[in-house]
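Reader: Hey, I've got a protein on my screen and no clue where to start. Can you walk me through a few spots?

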Amino acid sequence: MDYTINVRGQLMDLSTPKVMGIVNITPDSFFEGSRKQTEAEIAERVQQIAKEGGSIVDVGAFSTRPGASEVSEEEEARRLQFALEIVHRECPELPISVDTYRPRVARKCVEEWGADIINDVSEGGLTGIVNQPIHEDESMFATVGELKIPYILMSVKPTLKEMLIAFADEVQQLRDFGVKDIILDPGYGFGKTLQQNYQLMQEAEKLQVLELPILVGISRKSMIYKLIGGTPLTSLNGTTVLNTISLMKGAGILRVHDVKAAMESVKIVNELNMSYAL
């Protein structure tokens with residue numbers, strides 16, 4: 001399906017899938033190669049994303065890996081303010097997505113520091129472990145409705161059936177708050193067993209029934225190296241395989257550490273689709 005989202009008043013066409021490059025400004029993200037903390041490291045990483053063909057920069061200031069240390073709201077905001085200023089300076093043409101589940105942090109990033117998209121790994125306020133609410137003073141759904149920006153809604157549900165039921169309800173809530181641009185993320189690795197991740201991948205094309213763009217973030221995750229062996233460092237080949245499958249099943253955005261490899265997958269799958277159309 002062909003989709004567009006409104007970013008900074010400009011339409012981003014997802015008929016050709018886009019690649020979102022990850023910038024982790026944390027000391028403990030699960031993939032060591034993604035950790036960028038100094039001004040020079042962040043600047044170099046953003047330039048790399050742009051050079052390799054990335055269309056969006058996704059900035060995260062806390063790790064969501066199992067066992068990661070909690071980051072206070074104040075520290076998360078401090079890290080994001082520091083990084084967003086650098087991203088804007090280095091590549092002002094690239095839209096910025098901020099990876100946060102905190103409504104107040106999201107608001108500051110958009111209103112004060114120029115973020116364009118909110119990428120929420122909490123499904124609007126749930127943890128990915130036992131579906132327990134995250135206690136925040138504001139509602140993320142209401143906040144993004146006020147901010148009038150694209151919102152990535154990630155699922156922590158373990159099965160496609162539960163995911164579709166929850167997504168349908170949550171999308172309606174978001175619409176009621178005035179959110180117009182909603183992107184769905186099935187949440188590989190969040191609240192799912194290894195087998196459930198692959199079952200979801202097998203059925204992923206069914207997510208298109210909701211008629212919304214799909215983002216897939218499986219880059220170097222444990223669902224790869226726990227199956228085939230190795231570590232995040234050795235999981236690029238498996239990532240490319242799953243990214244390619246995801247594109248063939250309708251993904252419109254790939255969130256990745258390795259932009260060049262993802263862009264190659266997009267180019268190949270796009271050529272296949274064009275040839276089939278002929």
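Author: Sure, we'll go through some rings, a few side chains and a bit of surface. Keep in mind that this is a predicted model.

Reader: Cool. How many aromatic pairs does the structure hold?

Author: Two. One is made by Phe-62 and Tyr-101, whose ring centres are 5.3 Å apart with planes at 80°, so that pair is edge-to-face.

Reader: Why does 80° make the pair edge-to-face?

Author: Because planes over 60 degrees apart count as edge-to-face, and the planes of Phe-62 and Tyr-101 are at 80°.

Reader: Okay, and where do Phe-62 and Tyr-101 lie?

Author: Phe-62 is in the loop between β4 (56-60) and α2 (73-90), and Tyr-101 is in the loop between β5 (96-99) and α3 (103-111), so the pair ties together parts that are 39 residues apart in sequence. Both Phe-62 and Tyr-101 are buried.

Reader: What about the rings of Phe-141 and Tyr-151?

Author: Their centres are 5.9 Å apart and the planes sit at 80°, so this pair is edge-to-face. Phe-141 belongs to helix α4 (residues 140-147) and Tyr-151 to strand β7 (residues 151-154), so here the parts tied together are ten residues apart in sequence.

Reader: Phe-141: buried or exposed?

Author: Buried, because its relative accessibility is 6% and the cut-off for buried is under 20%. Tyr-151 has 0%, so Tyr-151 counts as buried.

Reader: Which residues does Val-179 touch, skipping those up to four places away in sequence?

Author: Phe-141 and Tyr-151 are among them, and so are Val-144, Gly-145, Ile-149 and Leu-174. Val-179 itself is in the loop between α5 (160-176) and β8 (182-185), and it's buried, with a relative accessible area of 3%.

Reader: How far apart are Val-179 and Gly-145?

Author: Depends how you count! They're 34 residues apart in sequence, but 4.7 Å apart in space, C-alpha to C-alpha.

Reader: New topic: what does the side chain of His-257 make a polar contact with?

Author: With the side chain of Ser-219, at 2.7 Å. You'll find His-257 in the loop between β10 (253-256) and α9 (259-277). At 7% relative accessibility, His-257 is buried.

Reader: Let's go to the surface. Which residues make the nonpolar surface patch?

Author: Met-248, Ile-268 and Leu-272 make it, and the patch is about 330 Å². Met-248 is in helix α8 (residues 236-248).

Reader: Why does Met-248 count as exposed?

Author: Because its relative accessibility is 58%, and exposed means over 50%.

Terms used:
Residues are numbered from 1 along each chain as its sequence is written. This is a predicted model: local features need pLDDT of at least 70, side-chain atom pairs count only at pLDDT 80 or more; totals for chains, interfaces and linings use all residues. Side-chain values use heavy atoms; hydrogens and water are left out. Helices (H or I, at least four residues) and strands (E, at least two) are DSSP runs, numbered from the N terminus. Buried means under 20% relative accessible area, exposed over 50%, partly exposed in between (1.4 Å probe, protein chains only). A polar contact is a pair of N or O atoms within 3.5 Å; within protein, one must be able to donate a hydrogen and the other to accept it, and residues adjacent in sequence count only if both atoms are side-chain atoms. Contact means heavy atoms within 4.5 Å. Rings of Phe, Tyr and Trp (its six-membered ring) pair if their centres lie within 6.5 Å; planes under 30 degrees apart count as stacked, over 60 as edge-to-face and the rest as tilted. Patches are made of residues with over 30% relative accessible area and no salt bridge: like charges are joined within 9 Å, nonpolar side chains (Val, Leu, Ile, Met, Phe, Trp, Tyr) within 5 Å. Accessible areas come from the Shrake-Rupley method with a 1.4 Å probe; for residues, only the protein chains shown count as cover. A salt bridge is a side-chain nitrogen of Lys or Arg within 4 Å of a carboxyl oxygen of Asp or Glu.
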